[in-house]
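Hello,

Here is the structure I said I would pass on. My notes on the charged side chains follow it.

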Amino acid sequence: MSTATTQQLPDVHASAASFRHLCENLGVALVTTDVHMHIAFWNAAASRAFGAASERMLGTHVGSMIPWERRHAAEDQIRSVIETGATVEFEFEHRDAKGERRELALTIAPILSDTDERVGASLCLRDITRRIALQKQLTDSEKLASLGRMAGAVAHHFNNVLGGVI
């Protein structure tokens, strides 16, 4: 790409408003917290995934979006990210607004200030329900194929034994 072409492109990061618009309209759920794990940003995809408007979620503790049985582990992971700065992955099961079971993968990363101080965490959520189902189907089909090979081998040996008897 030539320099002339590069100079003609608009700077999408020119303002905080354009960056906020970008985050709001991402295709994945994006939630940010402060260092006390209170929700500071909740985009439209998060609203769809959890069935809760951003107005209701802003300022609440981030643990409120995680099912009770996984909440403590999730909070420990988020706290660790804020303290250490290391990005982590976390998976949990969630019931969506329609009551359907969803498997979600959460990537938790630190948010840094201009002075590289950790000021919170970002949580990027992906629905991995389909991937989990496909993995289970693959595992099941591999088990059935293995069982078929074993049955074939047993039948072959049984036929050899019967052939010798006859």
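**Salt bridges and exposure**

Asp127 is partly exposed, at a relative accessible area of 43%. Please keep in mind that the model is predicted.

Asp127 is paired with Arg102 in a salt bridge, and their closest N and O atoms are 2.8 Å apart. Arg102 belongs to strand 4 (residues 101-112) and Asp127 to strand 5, so the contact links distant parts of the chain, 25 residues apart. Arg102 is partly exposed as well, with a relative accessible area of 23%; the limit for counting as buried is under 20%.

Strand 5 takes part in another of these contacts, through Arg126, which forms a salt bridge with Glu89 at 3.6 Å between the closest N and O atoms. Glu89 lies in strand 3 (residues 88-95) and Arg126 in strand 5 (residues 118-127), so this pair ties together parts 37 residues apart in sequence. Glu89 has a relative accessibility of 48% and counts as partly exposed. Arg126, at 33%, is also partly exposed.

A further salt bridge joins the side chains of Glu93 and Arg101, with an N to O distance of 3.6 Å. Both ends are partly exposed: Glu93 has a relative accessible area of 34%, and Arg101 is at 36%. This pair is also part of a network of salt bridges that links Glu93, Arg101 and Glu103.

In total, the count comes to six salt bridges, among them the pairs Glu89 with Arg126, Glu93 with Arg101 and Arg102 with Asp127.

Best regards

Notes: Residues are numbered from 1 along each chain as its sequence is written. This is a predicted model: local features need pLDDT of at least 70, side-chain atom pairs count only at pLDDT 80 or more; totals for chains, interfaces and linings use all residues. Side-chain values use heavy atoms; hydrogens and water are left out. A salt bridge is a side-chain nitrogen of Lys or Arg within 4 Å of a carboxyl oxygen of Asp or Glu. Helices (H or I, at least four residues) and strands (E, at least two) are DSSP runs, numbered from the N terminus. Buried means under 20% relative accessible area, exposed over 50%, partly exposed in between (1.4 Å probe, protein chains only).
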